[in-house]
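Hi everyone, thanks for coming. I'll walk you through one helix packing and then some aromatic rings, so have a look at the model first.

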Amino acid sequence: MTNNLVELHQHSEYSANASKWDGWLTLYEGDQKKLRATRYLWLHEYEADTLGTAVKGDGMKIRAIREERSRYVNLCETAISRYISFLFRGEMKVPDALNDILTPEILANIDGKGNGLKTFIKEAIAEPALTCGRVIAIVDTPNQKANTVAEEKIYGLRPYVTAFSPLQVPDWSLSRDPKLYGRPQFLRTEYDREAPRTDETQPPKTDRVSVSYRLNASGEYEQVTYINKSSNESADSAKQWEPQQPIPFTGVKELPVTIYDYESFLKDGAEMQLLLFNFMSAESSCINAQAFQKIFISGENDDTKSILLNEFAINLLSEGASVTVVEPGSTNSLQNAILRCIDWFFKVMFNQVDGLSMVSKESPSAETRRQMKDEFIALVETTLTKFEDFVASIVRHIALLSGKEPPASDVRITFDKTVTDADYETELAIWGAFADQFKQIPSVNAAILKRQAKRLGIDDPATEKEIDAHVEKQKAQVDARANDPRKDLIGGAAPNGDPGTAPDQQQN
């Protein structure tokens with residue numbers, strides 16, 4: 001059997017994009033273990049070696065502590081979920097002409113896991129499609145013949161749809177045949193699968209499997225499953241695949257494979273998410289290291305007093321002992337950077353819909369607002385049209401594997417692509433709620449006040465000057481406050497005060 005082992009390959013496009021796809025999916029999923037890698041949680045100077053590419057010996061402890069302390073605020077998942085919610089807010093229409101293909105059983109459980117069609121589209125297709133810009137759907141059915149519809153139900157012979165992320169599809173080739181141009185000649189998936197067990201006394205085991213969906217020499221569809229026989233992730237693991245007996249699908253002349261390939265909605269916002277994660281990690285480290293008052297005692301060597309010293313501090317010092325107090329440092333710059341990253345993230349993710357730059361003192365003009373709205377509508381229409389094409393291909397493959405006539409190209413499932421002014425404004429209100437997290441940044445606060453003043457009809461230079469003066473006064477009070485952290489300690493507040501609290505309230 002060993003002589004039967006073969007080597008499987010990766011498509012050049014997969015090799016070029018796998019790291020990027022993995023990064024976007026990690027930021028979207030927010031896996032804390034993966035986020036500890038240096039590509040996400042960047043190295044600090046005292047953690048890095050001389051090249052700045054790896055953790056050095058003396059910095060390993062510092063790095064380990066920072067990894068445990070750092071927490072991830074997942075804006076990527078919030079933004080993608082918001083987009084999906086808006087895209088599929090309307091009704092999904094299934095034509096009556098598709099009832100013979102999309103039976104009630106298929107519509108209610110399209111993936112064999114109990115998910116209905118719309119839920120499957122939103123969760124299994126739209127999430128990786130918007131996150132990575134790529135998702136692959138494969139229709140499959142048991143290779144067993146039934147003579148009647150009753151036998152089909154008894155055997156469970158009905159198509160199921162599975163969605164694969166781009167990381168699970170390492171190789172493919174598109175046909176150049178004029179009749180099948182652009183469709184896959186073959187496509188190979190690769191993933192971990194739980195090995196079957198006969199009873200509970202057998203320990204669980206995971207197999208690395210690869211399934212190739214391909215057209216054979218006769219131009220008919222067949223599947224070939226490969227089992228990886230390597231014992232570890234060695235360099236030879238690519239050559240350790242054992243092929244199983246091919247499964248033919250007689251009469252099926254095309255692969256039941258559909259590829260969604262478009263732009264990632266997350267590609268630009270991911271950069272801001274990384275900045276936010278690292279700024280928050282730096283703030284946490286600063287707070288731990290320097291943002292609390294610290295007391296150092298010299299000249300006291302009596303270990304038996306350590307408990308009393310911790311409890312009562314300087315009240316029980318021996319003669320000759322001295323006390324040094326280090327006041328907390330300011331983390332205001334990091335706090336502002338964190339808020340700016342949140343601001344930038346949502347402006348990038350939502351194409352700066354109704355947004356202002358950080359230094360803007362003007363409200364967007366009517367023409368600018370209309371352009372933003374038109375761009376948003378175009379994005380919604382294009383994305384939903386691509387999803388309609390994607391679902392139409394899946395329905396075609398369900399028909400082929402069911403032995404039925406595929407529907408005409410104009411008979412398809414559709415989504416509501418209409419975006420009214422009310423829809424647009426409602427979505428703006430939802431997105432605007434996120435702005436509350438960074439309104440305390442002076443320049444943004446001033447811009448928002450001016451915009452609201454214009455909407456109220458108070459549009460004159462005197463009002464703008466008053467707003468600027470008011471914001472500058474607030475900023476000066478906050479800056480003065482930041483330079484005198486003792487007031488916060490006396491008041492029992494957090495270092496440098498709460499930036500969301502008015503200066504006069506902070507004084508009390």
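Okay, helix α3 (residues 75-87) packs against helix α5 (residues 117-132) at an angle of about 125°, and their axes are 10 Å apart. The axes here are lines fitted to C-alpha atoms over the stretch in contact, with angles running from 0 to 180 degrees between N-to-C directions. Helices are DSSP runs of H or I, at least four residues, and strands are runs of E, at least two, numbered from the N terminus. That angle makes α3 oblique to α5; oblique is what's left after under 35 degrees (roughly parallel), over 145 (roughly antiparallel) and 65 to 115 (roughly perpendicular).

Quick housekeeping: this is a predicted model, local features need pLDDT of at least 70, side-chain atom pairs count only at pLDDT 80 or more, and totals for chains, interfaces and linings use all residues. Residues are numbered from 1 along each chain as its sequence is written, and side-chain values use heavy atoms, leaving out hydrogens and water.

So who touches whom? From α3 we have I80, Y83, I84 and L87, meeting K122, A126, E127, L130 and T131 in α5, where contact means heavy atoms within 4.5 Å.

Now the rings. Y260 is buried, at 2% relative accessible area, and F390 is buried too, at 3% (buried is under 20%, exposed over 50%, partly exposed in between, with a 1.4 Å probe and protein chains only). Y260 lies in strand β10 (residues 257-261) and F390 in helix α10 (residues 366-401), so their aromatic pair ties together parts 130 residues apart in sequence. Rings of Phe, Tyr and Trp (its six-membered ring) pair if their centres lie within 6.5 Å.
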